[in-house]
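The following paragraphs consider how aromatic and other nonpolar side chains are arranged in a predicted model. Please keep the sequence and the structure in view while reading.

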Amino acid sequence: MPRAFLIVMDSVGCGGAPDAAAFGDAGANTLGHIALACAEGRADQGRAGPLRLPTLDGLGLGAAIRLASGARAPGLGAAPQGRWGAATEVSKGKDTPSGHWELAGVPVPWDWHFFPDTHPAFPDSLTAEICRLAGTDGILGNCHASGTAIIEDLGAAHLRTGWPICYTSADSVLQIAAHEERFGLDRLLALCAALAPTVHAMRVGRVIARPFTGPEGAFARTPNRRDFAIVPPAPTLLDVAAGAGRATHAVGKIGDIFSHRGIGRLHKGRDDAALFDQLDALAETAEDGALIFANFVEFDTLYGHRRDVAGYARHLEWFDARAGAFLARLRTGDVAIFTADHGNDPTFRGTEHTRERVPVLVAGAGVGEIGLCGFADVAASVSAHLGLLSPGPGRSFL
């Protein structure tokens with residue numbers, strides 16, 4: 001039985017979303033602008049010259065960027081040797097759950113709640129509930145913020161008071177940062193787990209635990225992040241596969257995004273390199289008929305949000321090299337789909353996600369153009385390849 005590998009390059013968008021202006025993101029193009037910066041010598045830190053992605057471009061990445069946005073990405077002009085297209089999202093969000101759920105066949109049927117960009121950002125009742133659950137007299141932050149910046153700004157006060165650092169962003173999310181020793185990792189995770197039902201009832205997508213360590217002046221976030229996501233509103237691709245008795249493997253934060261529903265085995269790692277080691281191992285060991293669903297988050301967390309163009313380019317080139325070796329491990333009949341959940345253009349204003357179309361690159365299913373498709377078409381295509389019923393409204397492009 002064939003296997004399917006669905007690989008999400010978190011935030012690797014390719015521009016052209018028809019509703020980008022409604023999100024304040026008109027003109028955003030993560031891949032196109034990175035390629036342009038590389039070609040112009042503006043991304044030579046730790047690397048040099050045009051963006052080089054022979055594996056992904058060989059599958060059709062440059063062609064997908066042109067299809068999505070009309071932009072010609074310098075250095076990405078290979079004749080496609082795989083199936084290629086670009087996907088458009090219908091869910092009203094540019095966040096992780098919206099993108100992943102729709103890729104898994106379930107568009108979000110509601111409007112997410114977003115906290116206002118004010119200080120305080122949270123209603124008094126929610127702040128009081130955080131304090132009650134944390135056993136503290138107050139919280140720090142209570143605003144929109146970058147996760148790394150707010151830890152630098154408020155970490156010392158957190159060590160002094162023991163109050164959790166609570167913040168949000170343009171996403172539908174409440175994040176809580178706390179020191180693993182001063183506050184306690186188990187205490188932080190318990191706080192977020194207990195708070196999640198209240199926040200989910202508000203149609204806020206996630207509560208995220210953001211542990212950090214270190215002394216003042218040298219704070220560093222740890223790999224022990226945990227997302228407490230609202231449960232998908234309908235059965236996803238993972239549920240369908242598991243219900244049919246297929247092995248399902250979640251690499252990276254997929255388990256958290258889907259509230260651990262429909263997942264047989266979790267495969268974690270401290271960084272994307274460790275996660276790719278897990279993916280390589282699964283190429284060798286995953287069962288016949290299995291679904292392997294992976295997320296590589298560092299494009300987004302380390303480089304997109306921090307507006308680090310050169311770092312993003314380095315990570316793309318590293319990923320491309322790993323992808324080539326991974327594809328060589330696949331068995332006859334396997335299909336691997338590389339895609340993304342949203343954009344995070346490091347050349348764009350602000351520090352938030354950007355509304356974009358995403359590339360859809362398929363290895364193991366011949367050569368040819370998919371064209372413009374929907375996120376949910378990815379789930380329908382994986383289902384068709386595995387011989388399963390599609391979980392949602394999409395149509396297979398395989």
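**Aromatic pairs and the nonpolar core**

In this predicted model, 16 aromatic pairs are found. One of them joins Phe 299 and Tyr 312, whose ring centres are 5.8 Å apart and whose planes meet at 35°, making the pair tilted. The two residues come from distant parts of the chain: Phe 299 belongs to helix 11 (residues 298-304) and Tyr 312 to helix 12 (residues 309-327), with their positions 13 residues apart in the numbering. Phe 299 and Tyr 312 are both buried.

This pair also belongs to a cluster linked by ring pairs, which comprises Phe 5, Phe 276, Phe 296, Phe 299, Tyr 312, Trp 318, Phe 319, Phe 326 and Phe 338.

In soluble globular proteins, nonpolar side chains tend to be buried together. Here the largest nonpolar core contains 87 residues, and Phe 319, Phe 326 and Phe 338 have the most contacts within it. Helix 12 supplies the largest share of this core, namely nine residues. Beyond its neighbours within four places in sequence, Phe 338 contacts a set of residues including Ile 7, Met 9, Leu 56, Leu 59, Phe 319, Phe 326 and Pro 359. A second core, separate from this one, has 23 residues, among them Ile 130, Cys 166, Leu 195 and Phe 228.

Aromatic rings also meet charged groups. The charged end of Arg 187 lies over the Phe 183 ring, 3.9 Å from the ring centre. Likewise, Arg 203 places its charged end over the ring of Trp 110, at 4.0 Å from the centre.

Note on methods
Residues numbered from 1 in each chain as written. Predicted model: local features only at pLDDT ≥ 70, side-chain atom pairs only at ≥ 80, totals over all residues. Heavy atoms only, no water. Phe/Tyr/Trp six-rings, centres within 6.5 Å; stacked < 30°, edge-to-face > 60°. Helix = DSSP H or I, 4+ residues; strand = E, 2+ residues; numbered from the N terminus. Buried < 20%, exposed > 50% of the residue type's maximum accessible area, 1.4 Å probe, protein only. Lys NZ or Arg CZ within 6 Å of the ring centre and 35° of its normal. Core = buried A, V, L, I, M, F, W, Y, C linked by side-chain atoms within 4.5 Å. Contact = heavy atoms within 4.5 Å.
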